[in-house]
Each structure stands twice: as C-alpha cells, then as structure tokens.
Amino acid sequence: MRRWKTGAIGALTVLLGCSRPDDLTIAGDEPMPEYRVPLRTLPWLADFKLGTATARSGVITHLMNEFSPGEPIYLSMKINAAPPGTIVTTYWYGPGNRVLSYETKTISSDQGRMRFVQDNTLDWPEGAYRAETWIGEYKLKEHRFDIVAEGGARGS
C-alpha cells in the first residue's frame with residue numbers, strides 16, 4: 001500500500017510539473033490567445049475568403065476587406081475533413097464589440113464549401129468589424145474588415 005501511495009504522489013508531482021500555466025507567453029511578450037483549438041478540428045475548414053460577389057460554387061470571386069454600407073458581405077470556406085453533421089457558426093461583430101448577427105449551418109456529406117452572408121448592412125455605420133467562425137466552443141478563424149463611406153470601399 002505504501003508503495004502505491006508513493007507512486008501516486010510521484011506521478012501527481014510529474015503531471016503538475018509538466019502542466020502549463022494559462023498565462024504562459026510564447027515568443028516574447030505575446031500572451032496566449034484566449035481560445036484554444038484542438039488539433040483534430042484544425043484541418044476541418046480551410047481557404048477562408050471574405051468578399052462580395054460569389055460564384056455558384058460558393059467561392060468568393062471578388063476578395064475585399066472594405067465594404068460600403070448596404071453591400072452584401074460573403075464569407076466562404078472550404079470543407080476539408082469535417083464530418084457530416086458538424087455545426088459551424090459565424091458571429092458578426094460591429095464597432096464596440098457589439099454582436100450584430102450570427103448564422104449556424106450544418107455540414108452535409110456532399111458539401112465542398114460553406115458560405116455565410118450578411119446582406120442587410122445598409123444601417124451598419126462606418127468602422128471596424130469582424131466575423132468569427134466557430135465549431136462548438138472552438139474559434140477557428142477571425143476575419144477583420146471595415147465599413148467605409150460609400151464609394152470608398154476597396155479590395156484587399
């Protein structure tokens with residue numbers, strides 16, 4: 001019994017000694033991101049594109065990072081190894097970190113790309129915006145873009 005207790009205490013010491021603190025810094029003074037993506041979800045979605053006009057396949061044909069008020073904004077992504085039934089959510093944030101909208105879609109077995117769109121942007125004021133793509137509680141990608149005065153939008 002004593003040997004078992006000694007072994008358990010030794011194993012616990014090793015595990016605690018090998019764990020990382022949450023405030024660990026990497027490559028200088030940059031703190032770790034506030035979200036963590038498990039390795040198993042990293043290849044599930046790829047080739048993220050943000051822009052306006054889309055082809056029928058869901059591919060963005062005009063890449064942009066600045067949009068005029070009222071202009072539809074498309075976010076497209078390639079589905080790699082995501083299993084059918086995977087739920088993907090995109091949150092749209094405006095100035096002041098305000099949630100403007102979100103969309104949730106489920107991946108089907110024959111789907112090659114997934115597309116999200118915000119087509120009611122007429123009342124969006126000028127400023128910095130972002131779209132975040134999530135699978136469950138894991139943030140996969142963040143896209144930053146701007147709404148600029150009409151006629152001032154440019155491609156990336």
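**Entry 1: β9 and β10**

I began with β9 and β10, which run antiparallel and are joined by nine bridges. I note here that the model is a predicted one. At one end of my list of partners, Gly127 stands opposite Ile147 in β10. I then looked at the hairpin of these strands, where two residues sit between β9 and β10 and Gly136 takes a positive phi near 60°.

**Entry 2: the sheet around them**

Which strands form the open sheet, and in what order? I read the order as β4-β10-β9-β6-β7, five strands with mixed pairing. β4 and β7 (98–106) are the edge strands, each pairing on one side only. I checked β4 against β10 and found the parallel sense, over two bridges. Glu66 stands opposite Asp146 in β10. On the β6 and β7 side I found antiparallel pairing over eight bridges. As a reminder to myself, strands of a sheet pair through backbone hydrogen bonds, in either the parallel or the antiparallel sense.

**Entry 3: Thr90**

I picked Thr90, whose place is in strand β6. Its bridge partner in β7 is Glu103. Is Thr90 buried or exposed? Thr90 is buried, at a relative accessible area of 0%. I listed the contacts of Thr90, leaving aside neighbours within four places in sequence: Leu75, Ser101, Tyr102, Glu103, Phe116, Ala131, Glu132 and Thr133.

**Entry 4: aromatic pairs**

I searched the whole structure for aromatic pairs and got six. I took Phe67 and Phe145 from the search: the pair is edge-to-face, with 5.6 Å centre to centre and 90° between the planes. Why does this pair tie together parts that are 78 residues apart in sequence? Phe67 lies in strand β4 (residues 66–67) and Phe145 in strand β10 (residues 138–147), so the ring pair spans that separation. Both Phe67 and Phe145 are buried.

I then took Tyr91 and Trp134, with ring centres 6.5 Å apart and planes at 85°. The angle cut-off for edge-to-face is over 60 degrees, so this pair of Tyr91 and Trp134 is edge-to-face. Tyr91 belongs to strand β6 (residues 87–94) and Trp134 to strand β9 (residues 127–135), so the pair links distant parts of the chain, 43 residues apart. I recorded Tyr91 as partly exposed, at a relative accessible area of 27%.

I also noted a cluster in which ring pairs link Phe67, Trp92, Trp124, Tyr129 and Phe145.

**Entry 5: charges over rings**

I looked for charged ends over rings and wrote down two cases. The charged end of Lys105 sits over the ring of Phe116, 4.9 Å from the ring centre. The charged end of Arg130 sits over the ring of Tyr93, 3.9 Å from the ring centre.

**Entry 6: nonpolar core**

I looked up the largest nonpolar core and found 23 residues. Which residues have the most contacts inside this core? They are Leu45, Ile73, Met77, Val88, Trp92 and Phe145. At least two residues of the core come from each of β3 (45–51), β5 (73–79), β6, β8 (113–118), β9 and β10. β5 gives the largest share, four residues. The general rule I had in mind is that nonpolar side chains tend to be buried together in soluble globular proteins.

I then followed Met77. Not counting residues up to four places away in sequence, Met77 touches Leu45, Ala46, Asp47, Phe48, Val88, Gly112, Arg113, Met114, Phe116 and Thr133. Phe116 has turned up before: its ring has the charged end of Lys105 over it, and Phe116 is in contact with Thr90.

**Entry 7: a loop residue**

I checked Glu71, in the loop between β4 and β5. Glu71 is partly exposed, at a relative accessible area of 21%. From Glu71 to Asn120 I read 7.8 Å, C-alpha to C-alpha, with their positions 49 residues apart in sequence.

**Entry 8: whole chain**

I closed with totals. The chain has one helix and 10 strands, and along the sequence the pattern reads α-β-β-β-β-β-β-β-β-β-β. Of its 156 residues, 32% count as buried. Among contacts in the chain with a separation of 6 or more, 59% are between residues 24 or more positions apart. The accessible surface comes to about 10000 Å², and 53% of that belongs to carbon and sulfur atoms.

Note on methods
Residues are numbered from 1 along each chain as its sequence is written. This is a predicted model: local features need pLDDT of at least 70, side-chain atom pairs count only at pLDDT 80 or more; totals for chains, interfaces and linings use all residues. Side-chain values use heavy atoms; hydrogens and water are left out. Rings of Phe, Tyr and Trp (its six-membered ring) pair if their centres lie within 6.5 Å; planes under 30 degrees apart count as stacked, over 60 as edge-to-face and the rest as tilted. Buried means under 20% relative accessible area, exposed over 50%, partly exposed in between (1.4 Å probe, protein chains only). A charge sits over a ring if NZ of Lys or CZ of Arg is within 6 Å of the ring centre and within 35 degrees of the ring normal. Two strands pair if DSSP finds at least two bridges between them. Contact means heavy atoms within 4.5 Å. A nonpolar core is a set of buried Ala, Val, Leu, Ile, Met, Phe, Trp, Tyr and Cys residues joined through side-chain atoms within 4.5 Å. Accessible areas come from the Shrake-Rupley method with a 1.4 Å probe; for residues, only the protein chains shown count as cover.
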